[in-house]
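Please open the model in the viewer and keep the sequence panel at hand. The tour proceeds by selection, one site at a time.

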Amino acid sequence: MEFQNHFKGHLYEQYIRMLHLNELYTEQEFNSFRQQARKYQIDMLSNNITSVHVIDCIGDYEPINHTGIVEKMGLSKAGITKISSKLLEMGFIMRSQLNNNRKEIYFSLTDKGRHVYHLHKELHKEKEERFYQFMESYSEVELQTIGKFMSDLVARAEEYSEGKFTINDDIKD
């Protein structure tokens, strides 16, 4: 029993370390992305990667309306409104209306937005290749265990984000 508690404590420490490293990595990754974008004379609007993910979503599904972005990304309507307004202002996206529906506004990418979209896709492809290369060192059984763990971890994170319980509730478990 003592070993199990010690091992769980070790896993928790590793989990916290991973979260901290992820924060640092995300910051470094976005700074690198900004540098790449500057090569195309594109100045990014904020230090927030979410705006790039909105560009990515629009590029994947254009033309797409506000509700579609909200549903695909799982963000609030207010958040998407704020981000899309900035993206419009900065010239990354444009608004349009479909011929058969004058009431609803649809978004699509400008040339500037398309450069960001392709750059983002390229960086994700590189990240995916590195991930698959890293996973090569694990057996099929290990990958199944890792897969179950990751699914459970994502489900827990989604519950947190949906407000189903708080961190204090988790401590009681």
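Begin by selecting Tyr12, which counts as exposed at 53% relative accessibility, the threshold for that class being over 50%. The model is a predicted one.

Add Tyr15 to the selection. Tyr15 has a relative accessibility of 34% and therefore counts as partly exposed. Tyr12 and Tyr15 are three residues apart in helix H1, so about one helical turn separates them. How many aromatic pairs does the model contain? The count comes to three. In the pair formed by Tyr12 and Tyr15, the ring centres are 6.4 Å apart and the planes stand at 40 degrees, so the arrangement is tilted.

Next, select Phe134 and Tyr138. Their ring centres lie 5.7 Å apart with the planes at 65 degrees, and the pair is therefore edge-to-face. Tyr138 is partly exposed, with a relative accessible area of 31%.

Now display helix H2 (residues 50-61) together with helix H5 (residues 111-135). The two helices pack at an angle of about 100 degrees, and their axes are 9 Å apart. H2 and H5 are therefore roughly perpendicular to each other. To view the contact itself, show the side of H2 formed by Val52, His53, Ile55, Asp56, Gly59 and Asp60. From H5, the residues to show are Gly113, Val116, Tyr117, His120, Lys121 and His124. By class, the residues of this contact comprise four nonpolar, five polar and three charged.

Continue to the interior by selecting Ile58 and Ile69. These are the residues with the most contacts inside the largest nonpolar core, which has 22 residues. Which elements each supply at least two residues of this core? They are helix H1 (2-39), H2, helix H3 (66-73), helix H4 (77-90), strand S3 (101-109) and H5. H2 gives the most, with five residues.

Keep Ile69 selected and expand to its surroundings. Leaving aside residues up to four places away in sequence, Ile69 touches Val54, Cys57, Ile58, Ile64, Gly74, Ile80 and Phe107.

For the final stop, select Glu62 and Pro63. A cis peptide bond joins these two residues, with omega at about -10 degrees. Pro63 is located in the loop between H2 and strand S1 (64-65).

Notes
Residues are numbered from 1 along each chain as its sequence is written. This is a predicted model: local features need pLDDT of at least 70, side-chain atom pairs count only at pLDDT 80 or more; totals for chains, interfaces and linings use all residues. Side-chain values use heavy atoms; hydrogens and water are left out. Axes are lines fitted to C-alpha atoms, for helices over the stretch in contact, and angles run from 0 to 180 degrees between N-to-C directions. Helices (H or I, at least four residues) and strands (E, at least two) are DSSP runs, numbered from the N terminus. Angles under 35 degrees count as roughly parallel, over 145 as roughly antiparallel, 65 to 115 as roughly perpendicular and the rest as oblique. Contact means heavy atoms within 4.5 Å. Ala, Val, Leu, Ile, Met, Phe, Trp, Tyr, Cys and Pro count as nonpolar, Asp, Glu, Lys and Arg as charged, and the others, Gly among them, as polar. A nonpolar core is a set of buried Ala, Val, Leu, Ile, Met, Phe, Trp, Tyr and Cys residues joined through side-chain atoms within 4.5 Å. Buried means under 20% relative accessible area, exposed over 50%, partly exposed in between (1.4 Å probe, protein chains only). Rings of Phe, Tyr and Trp (its six-membered ring) pair if their centres lie within 6.5 Å; planes under 30 degrees apart count as stacked, over 60 as edge-to-face and the rest as tilted.
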